[in-house]
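Subject: Structure for your files

Hello,

Here is the structure I said I would pass on. Please open it alongside this message, as the notes below refer to it throughout.

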Amino acid sequence: MRFERLRIQGLRCLTDVAVELGEGIHVFVGPNGAGKTSVLEAAYLLSHGRSFRSGAREALVQRGSPSLAVFAELRSTDDARRRLGLGRNGPRWEARVDGVDVPLGVLVQACAVVCFEPGSHELIAGAAEQRRRFLDWGVFHVEHGFIGAWRRYQRALKQRNALLRTGAAGPDELYAPWEHELGETGAAIDAYRRAYLDRLSPVLAASAGFLLPELGSVALRYRRGWADDRDLAGVLAEQRGRDLARGHTTMGAHRADWSLAFEHAPLREHLSRGQEKLTALSCLLAQAELHAERRGEWPIVCLDDLASELDLAHQAAVVERLAAVGAQVLVTGTECPVPLQPRPHRMFHVEQGQIRPLL
Ligand SMILES: Nc1ncnc2c1ncn2[C@@H]1O[C@H](COP(=O)(O)OP(=O)(O)OP(=O)(O)O)[C@@H](O)[C@H]1O
Ligand SMILES: [Mg+2]
């Protein structure tokens, strides 16, 4: 899929800009603080409902602006065109597909953007939440039943946590229905995640082998968040005392995590910062490729500050790979990355929140 047009209003320093995009690689160049990353944030926002940068969503809204809006015309491989919109007016986020108000999930489902950026190493070195988010985004885009189970799980978790916060053990009838619901939906979420990771694993082995051949083979380990041989509802009933002391539910699908172990770097701590980045990029590319296998088209790939994140050989390898599969790619940098200089692509100059096509 690809964006044909992207219009951004009131996002950070971008007051009101529009860019026409084509196939293949696009490069956004300009000085620090010009608004390059903000363009990628706008694209990512449509497919995730949040930014890849940490911090409050409110920080995205331009200071002094009452609202933020991102519109895109999205073209799919089957030639279908869709108009996407996401806006924030006051405290509310509103999503639209083809002029119709839709829940955020419907918008996010329609659009797939993966982004490699200076914070991407957190996928490997950071908290489990990031890895769960990565995993769930992938599952969500290929398994339609996932979102229903996930919502039911979140609702039940909230209810159980509210009970725990009262600090009172309470009668079994208060907890049991929510624990039953968590058990049922937790098992479904676990099955979806497991099936997804089983498919992702060989694709990831290939992309890690491509970017990090020196580290040898890679194994993906998944932990579902509670003992493998136990039913979650039973575990929760048993853990009530401990959870009451902590004030929240300490086991379940919301505690799942996964990790990678390389033959020549079995622990995360064995990786250099650059290798963490390349591992994260391998994961993102694998996710994009699996998405393409399942949905028939590559997601849009954003590479923020490519030249400052990777050495020349790896920049060239990634660009080569993405060009070969025909993905739409949005790259940013203070300069055009060296491996992109000789090839034909579209280039834009970004300065003080203004975007001007150069090629
Ligand atoms: N809520 C906001 N309202 C207005 N301006 C903002 C807001 N948040 C950030 N900015 C400004 O918008 C710009 C954002 O720039 P962005 O991060 O997109 O720059 P960049 O071109 O990627 O720069 P770099 O090369 O340093 O990565 C910065 O100048 C920043 O100070
Ligand atoms: Mg930037």
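What follows is a summary of what was found in it, beginning with the ligand and then taking the two sheets in turn. Please keep in mind that this is a predicted model.

Ligand 1

The shell around ligand 1 has 16 residues, and the closest of them are Gly 33, Lys 36, Thr 37, Ser 38 and Ala 59. By class, the shell divides into five nonpolar, six polar and five charged residues.

Backbone atoms make several polar contacts with the ligand. A polar backbone atom of Gly 33 is 2.7 Å from an oxygen atom of ligand 1. Ala 34 has a backbone N or O atom 3.1 Å from an oxygen atom of the ligand. In the case of Val 61, a backbone N or O atom lies 2.9 Å from a nitrogen atom of ligand 1. Taken alone, ligand 1 exposes 660 Å², and the protein buries 74% of that.

The antiparallel sheet

One open sheet has six strands in the order 2-1-4-5-6-7, and its pairing is antiparallel. Strand 2 (14–20) and strand 7 (100–102) are at the edges with a single partner strand each, so one side of each has no neighbour in the sheet. On average, neighbouring strands of this sheet are turned by 15 degrees against each other, with direction ignored.

Two pairings in this sheet involve strand 1. Strand 1 (residues 2–11) pairs with strand 4 (residues 67–75) in the antiparallel sense over seven bridges, and there Ile 8 has Val 70 in strand 4 as its bridge partner. Helix 1 (residues 36–48) packs on the sheet and touches strand 1, strand 2, strand 4, strand 5 (81–89) and strand 6 (92–97). The direction of helix 1 makes about 110 degrees with that of strand 1. Lys 36, already listed among the closest residues to ligand 1, falls at the start of the range given for helix 1.

Strand 1 also pairs with strand 2 in the antiparallel sense, over six bridges. Here the bridge partner of Leu 6 is Val 19 in strand 2. These two strands form a hairpin with two residues between them, and Arg 12 in the turn has a positive phi of about 50 degrees.

The mixed sheet

The other sheet described here is also open and has six strands, in the order 8-11-12-3-13-14, with mixed pairing. Its edge strands are strand 8 (113–116) and strand 14 (354–357), each of which pairs on one side only. Neighbouring strands in this sheet are turned by 20 degrees against each other on average, direction ignored.

Strand 3 (residues 25–29) and strand 13 (residues 346–351) pair in the parallel sense over four bridges. Val 27 stands opposite Met 347 in strand 13. Helix 8 (residues 273–295) packs on this sheet, where it touches strand 8 and strand 11 (300–303). The direction of helix 8 makes about 170 degrees with that of strand 8.

Regards

Key
Residues are numbered from 1 along each chain as its sequence is written. Chains are lettered from A and ligands numbered from 1 in the order in which they are written. This is a predicted model: local features need pLDDT of at least 70, side-chain atom pairs count only at pLDDT 80 or more; totals for chains, interfaces and linings use all residues. Side-chain values use heavy atoms; hydrogens and water are left out. A residue is near a molecule or strand if one of its heavy atoms lies within 4 Å of it. A polar contact is a pair of N or O atoms within 3.5 Å; within protein, one must be able to donate a hydrogen and the other to accept it, and residues adjacent in sequence count only if both atoms are side-chain atoms. Accessible areas come from the Shrake-Rupley method with a 1.4 Å probe; for residues, only the protein chains shown count as cover. Ala, Val, Leu, Ile, Met, Phe, Trp, Tyr, Cys and Pro count as nonpolar, Asp, Glu, Lys and Arg as charged, and the others, Gly among them, as polar. Two strands pair if DSSP finds at least two bridges between them. Axes are lines fitted to C-alpha atoms, for helices over the stretch in contact, and angles run from 0 to 180 degrees between N-to-C directions. Contact means heavy atoms within 4.5 Å.
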